[in-house]
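Trainee: I have a new model to read. Where should we begin?
Mentor: Let us look at it together, then take one spot at a time.

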Amino acid sequence: MPGYLAALALALCPILVVARLIMLRRNGTDAMHFGSTDRKDFLIPPFALVYFYVVFAGAFGWPLVGSERFWRSEAISWAAVACCFAGLLFVVSSLVAFGSSFRVGIDTDNPDKLVTSGVFAISRNPIYVGFGLVLLGQFLAFPSWIPLIYLLAGVWLFNRQVLREEAFMREHYGREYADYSSRVRRYL
């Protein structure tokens, strides 16, 4: 059961983001800017699809190379589910707090207001914290080399994107962002 719930948590992440993109689009906001500042971003989706297969293979017993688990523990599996759903809570809280300011990628043409309330009063990047917790939960639920590599790569990619976004926000929001950065940590 924990494996199914961990897989569900992973499936809900892109569903929540796409639902928010659709809602914004219906209200006239083009929030999809993935790859607009760095074309290398388009290398990510194929790896993400492989990762989805890895997680669902672990949950449903599909064939998978290198799936020998590091450990088997019911307690860790349930902790993994808690980690995944804590991550989802961060993602949902981020999407709610963002309001109409949510973007996938950096919108250099029409950036919205700087969001500093809600979950953004705890972390400057709560959506990445949420995705990171989901990846950590996936590794704990399916403890093998592939999820470990994806966890490490995901953390690296999230940090890379955060640094790119912070550079833009320092330039665009100036002192307002500097003050916010001095009050709130980058992650947790």
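Mentor: This is a predicted model. Start with one polar contact: the backbone oxygen of K113 lies 3.3 Å from a polar atom of the side chain of S101.

Trainee: Where does S101 lie?
Mentor: Look between two helices. S101 sits in the loop between α3 and α4.

Trainee: Is S101 buried or exposed?
Mentor: Its relative accessible area is 9%. Buried means under 20%. S101 therefore counts as buried.

Trainee: Which residues does S101 touch, not counting those up to four places away in sequence?
Mentor: V115 is 14 residues from S101 along the chain, with their C-alpha atoms 7.5 Å apart. Leaving out residues up to four places away in sequence, S101 touches D112, K113 and V115.

Trainee: Is S181 buried or partly exposed?
Mentor: S181 is in helix α6, residues 175-183. Its relative accessibility is 23%. The buried class ends at 20%, and exposed starts over 50%. So S181 is partly exposed.

Trainee: How far apart are the C-alpha atoms of S181 and R170?
Mentor: Along the chain, the two residues are 11 apart. In space, their C-alpha atoms are separated by 9.4 Å.

Trainee: What span should helix α1 have, at 1.5 Å a residue?
Mentor: Helix α1 covers residues 2-26, which is 25 residues. The expected span is 1.5 Å times one less than the number of residues. The end C-alpha atoms of α1 agree with the expected value, 36 Å.

Trainee: Which helices are among those that cover the buried residues of α1?
Mentor: Take the buried residues of α1 to begin with: they include L10, C13, V17 and L21. The cover over the buried residues of α1 includes α2, α3 and α4.

Trainee: How many residues of α4 are buried?
Mentor: The buried residues of α4 include I127, Y128, L135 and F139. They pack against α1, α2, α3 and α5. The helix has 16 residues and is mostly covered; the buried ones number 12.

Trainee: At what angle do the axes of α2 and α5 cross?
Mentor: Two packed helices are described by the angle between their axes and the distance between the axes. Here the axes of α2 and α5 come within 11 Å. The crossing is left-handed. The angle is roughly 145°.

Trainee: Which class of residue makes up the contact of α2 with α5?
Mentor: In α2, I44, F47, V50, Y51 and V54 take part. They meet I146, P147, Y150 and L157 in α5. By class, the contact of α2 with α5 has no polar and no charged residues; the nine residues are nonpolar.

Methods: Residues numbered from 1 in each chain as written. Predicted model: local features only at pLDDT ≥ 70, side-chain atom pairs only at ≥ 80, totals over all residues. Heavy atoms only, no water. Helix = DSSP H or I, 4+ residues; strand = E, 2+ residues; numbered from the N terminus. Buried < 20%, exposed > 50% of the residue type's maximum accessible area, 1.4 Å probe, protein only. Contact = heavy atoms within 4.5 Å. Axes fitted to C-alpha atoms, helices over the stretch in contact; angles between N-to-C directions. Left-handed = near helix turned anticlockwise from the far one by under 90°. Nonpolar A, V, L, I, M, F, W, Y, C, P; charged D, E, K, R; others polar. Polar contact = N/O pair within 3.5 Å; in protein donor to acceptor, adjacent residues only side chain to side chain.
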